[in-house]
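Biologist: I would like to look closely at a single part of this model, namely its nonpolar interior, and I would be glad if you explained each term as you go.

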Amino acid sequence: MRKVLVVVDMQKDFVDGALGSNEAVAIVDNVVNKINEFDGEIIVTYDTHQDNYMETREGKYLPVPHCIENTDGWLLNDKVENALVGKGATRIKKPTFGSVKLVDVFSDVNEKDTEVTLIGLCTDICVVSNAMLLKANYPEMNIVVDASCCAGVTVESHNAALTTMKMCQIDVVD
């Protein structure tokens, strides 16, 4: 079975930067442990915006500049980056919540023989978006979200996203 770990947006701005939270900081060690223990392929996504972020649709709804490409906040959390050393991770920049490029990575796989585990930030925006894109494109793929390695904008929205994913036959584990 092909096993893939998708580390979603564990960037400084989401952990302890512009949009950081105590809940995001609290999952860093879990994420590091998951990466260290994982035996399979690893894909890392980067929320990636440009200097004109405030002029974008997202910038109008979320007027907090974050993850501007090549800034310190765009980089992965240092502990997460260190855990990825030597793992040969594939890195994907994404300009919005869900990544079409991530979906394309699996275009040649036998979905019944593939397990994808998603972890990262934010459960209620980018994790759920990517999980749902994968589910829509590969309905027979085993898609798992490790809740102990995810945090949302709020605890309530994190839990709501987990419930939504469960209802869509995505396995949620702790």
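To set the scene, how many helices and strands does the chain have? And within that framework, which residues have the most contacts inside the largest nonpolar core?

Modeller: This is a predicted model, in which local features need a pLDDT of at least 70 and side-chain atom pairs count only at pLDDT 80 or more, while totals for chains, interfaces and linings use all residues. Residues are numbered from 1 along each chain as its sequence is written, and side-chain values use heavy atoms, with hydrogens and water left out.

The chain has seven helices and six strands, where helices (H or I, at least four residues) and strands (E, at least two) are DSSP runs numbered from the N terminus. Their order along the sequence is β-α-α-β-α-α-β-α-β-α-β-α-β. Of the 174 residues, 48% count as buried, a word that here means under 20% relative accessible area, with over 50% called exposed and anything in between partly exposed, using a 1.4 Å probe and protein chains only.

Now to the interior itself. In soluble globular proteins, nonpolar side chains tend to be buried together. A nonpolar core is a set of buried Ala, Val, Leu, Ile, Met, Phe, Trp, Tyr and Cys residues joined through side-chain atoms within 4.5 Å. The largest such core has 27 residues, and those with the most contacts inside it are Val7, Met10, Val31, Ile35, Ile42, Val80 and Leu121. At least two core residues come from each of β1 (2-8), α1 (12-15), α2 (22-37), β2 (41-47), α4 (78-84), β4 (114-121) and β5 (142-151), and α2 gives the most, with six residues.

Val31 offers a good view of this core: leaving aside residues up to four places away in sequence, Val31 touches Val7, Met10, Val80, Ile119 and Cys149, where contact means heavy atoms within 4.5 Å. For the chain as a whole, among contacts between residues at least 6 apart in sequence, 77% join residues at least 24 apart.

There is also a second, separate core of 26 residues, which includes Val6, Leu102, Leu134 and Met141. Leu102 is in turn one of the residues touched by Asn130, together with Val8, Lys94, Phe97, Gly98, Ser99 and Leu118, again not counting residues up to four places away in sequence. Asn130 lies in helix α6 (residues 123-137) and is buried, with a relative accessible area of 0%.
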